[in-house]
Amino acid sequence: MLESILAGLSGLGSGALSLLSTQGWPNFVMLLTGGALLYLGVRKGVEPLLLVPIGFGCMLVNIPFGGLNEEGGLLRTLYEMGVANELFPLLIFIGIGAMIDFTPLLERPSLLLFGAAGQVGIFLTLLLALALGFTHAESVSIAIIGACDGPTAIYVTSQYAPHLLGAVSVAAYSYMALVPIIQPPIMRALTTQKERTVRMATPKTSVSARTRLLFPIVVTLVGGLIAPKGLPLLGTIMLGNFMRESGVVARLTKASENEIANVVTLFLGLAIGSTMEGHAFLTPQTLAIFGLGFLAICLDTAAGVLFGKIVCWATRGQVNPLIGAAGISAFPMAARVAQAQGQRYDKKNYLLMHAAGANTGGQIGSVVAAAVMLSILQAMGIN
Amino acid sequence: MDKWSFGLTLLGVGVAGTFLTLWLLALAARVLKKLFPLEPEERP
């Protein structure tokens, strides 16, 4: 009887004992990290929709013997039902497509090229990751942080380096939120006072409803035919946008941008948090990933601004190079940063509509860059 | 494939492919605007 009671009692507090043992320190550190993510999300407003479930998932998976990440456990089930098979990021893409208005971009379609320049950081970071000794597949997954697009980063990483998913996702979402802090010094360093005060002509309203309706179909066809491996990314974002512009499936559009996106965001966040188990997460690799992710965003910004300078020169000063920094996917933060920097040097300079066009171009650009990268990798036999 | 061939191939083909695709999309958007201009009733 006494033995039975002692055996029963030994089951209580086993988590605490494991945590306080010498083997438990990685879980202890990650519990603090989960708490820090919750603090950032709740108190600082840093991407709370993602960081709150990620932070909580991180805490759940680091409490020893909880079993949530074992076969049949809640977090493992969520991971397998939507991350391992890339379903969740694609469902979120339908919602994103339903929320995007491409009108500012369609007013001036050449702004799409800013969306291309804003992705150069992806490919430069790939070289840096390779130089640091990461494998081909790992380097691809780290470089994609430069897409500045959470779902794209998750989609690519879950295919090529699922063991890096936690670090890549947290880096991608954190740096997206830090765009207003990361970009301005680079923008100022690469432009002259004269360039920053360039005023751009007010765009005319020139986009018909039919153009807006057909644009997502054209993007799907052109992008899908050039880089078919990325069709799931392009196709889902354009499906959402087509539903929005068609106006005949308002219920589906609303469900995509609200209920479906919200439920999937919760599941996705928890599933990503489940990949942050201390023993697997606390490695020098994770630190390197955060460093490379930061560089990726800096390189994107620099490439965008330098491309803007070239366009400014080619158009004899009709384009403000600051909007080049908005050619990344972080919407609408990057556009607001360009506007704020422009107004810092000329209070009456209104760059927002142009920057918003470049920013939506960046949203398409990030998906196209990922699609191109995936198609090249497939052709190289790296799947 | 060694890492530099891999990285430089992705850099060259990736950047060129991204620019080319987005340039084609910009071209297609221009064509769409020409084919379907703003109708008078759509003007603000």
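The dialogue below reads selected features of a predicted model.

Me: How many helices and strands does chain B have, and what are its dimensions?

Reply: Chain B has one helix and zero strands. Along its principal axes, the C-alpha trace of chain B spans about 60 × 15 × 10 Å. Of the 44 residues in chain B, 32% count as buried.

Me: How many residues of chain A are in contact with chain B?

Reply: The contact involves 36 residues of chain A and 29 residues of chain B. On the side of chain A that touches chain B, the elements giving two or more residues are H8(A), H9(A), H15(A) and H21(A). H15(A) gives the most, with ten residues. By class, this side of chain A has 25 nonpolar, ten polar and one charged residues.

Me: How should the length of a helix be read, and what span is expected for H12(A)?

Reply: A helix is expected to advance 1.5 Å a residue, so the 13 residues of H12(A), residues 165-177, should span 18 Å. The end C-alpha atoms of H12(A) are 18 Å apart, which agrees with that expectation.

Me: Is H12(A) mostly covered or uncovered?

Reply: H12(A) is mostly covered, since 13 of its 13 residues are buried.

Me: At what angle do H12(A) and H19(A) cross, and which residues meet there?

Reply: The axes of H12(A) and H19(A) come within 9 Å and cross at roughly 35°. The crossing of these two helices is right-handed. From H12(A), Ala167(A), Val168(A), Ala171(A), Ala172(A) and Tyr175(A) take part. They meet Thr286(A), Ile289(A), Phe290(A), Gly293(A), Phe294(A) and Ile297(A) of H19(A). By class, this contact has nine nonpolar, two polar and no charged residues.

Me: Which residues touch the most other members of the largest nonpolar core?

Reply: That core has 135 residues, and those touching the most other members are Ala143(A), Ile145(A), Val168(A), Ala334(A), Ala338(A) and Ala370(A). H21(A) gives the most to this core, with 15 residues. Val168(A), one of the core residues just named, is also among the residues of H12(A) that meet H19(A). Leaving aside neighbours within four places in sequence, Ala338(A) is in contact with Leu322(A), Ile323(A), Ala325(A), Ala326(A), Leu351(A) and Ala355(A).

Me: Why does Tyr155(A) count as buried?

Reply: Burial is judged here by counting C-beta neighbours inside 10 Å, with 20 or more required. Tyr155(A) has 28 such neighbours, and therefore counts as buried. Tyr155(A) is found in H11(A), residues 150-160. Not counting residues up to four places away in sequence, Tyr155(A) touches Glu86(A), Pro89(A) and Leu233(A).

Me: How should the backbone angles phi and omega be read?

Reply: Most residues other than glycine have a negative phi, and most peptide bonds are trans. In this model, phi of Glu47(A) is near 40°, a positive value, and phi of Glu86(A) is near 65°, also positive. Glu47(A) is in the loop between H3(A) and H4(A), whereas Glu86(A) is in the loop between H5(A) and H6(A). Because Glu47(A) has 21 C-beta neighbours inside 10 Å, Glu47(A) counts as buried. Glu86(A) has 18 such neighbours and so counts as partly exposed.

Me: What is the peptide bond from Phe331(A) to Pro332(A), cis or trans?

Reply: The bond from Phe331(A) to Pro332(A) is cis, with omega near 0°. Pro332(A) is placed in the loop between H19(A) and H20(A).

Terms used: Residues numbered from 1 in each chain as written. Chains lettered and ligands numbered in written order. Predicted model: local features only at pLDDT ≥ 70, side-chain atom pairs only at ≥ 80, totals over all residues. Helix = DSSP H or I, 4+ residues; strand = E, 2+ residues; numbered from the N terminus. Expected span 1.5 Å × (residues − 1). Buried ≥ 20, exposed ≤ 12 C-beta atoms within 10 Å, placed from the backbone. Axes fitted to C-alpha atoms, helices over the stretch in contact; angles between N-to-C directions. Left-handed = near helix turned anticlockwise from the far one by under 90°. Contact = placed C-beta atoms within 7 Å. Nonpolar A, V, L, I, M, F, W, Y, C, P; charged D, E, K, R; others polar. Core = buried A, V, L, I, M, F, W, Y, C linked by C-beta atoms within 7 Å.
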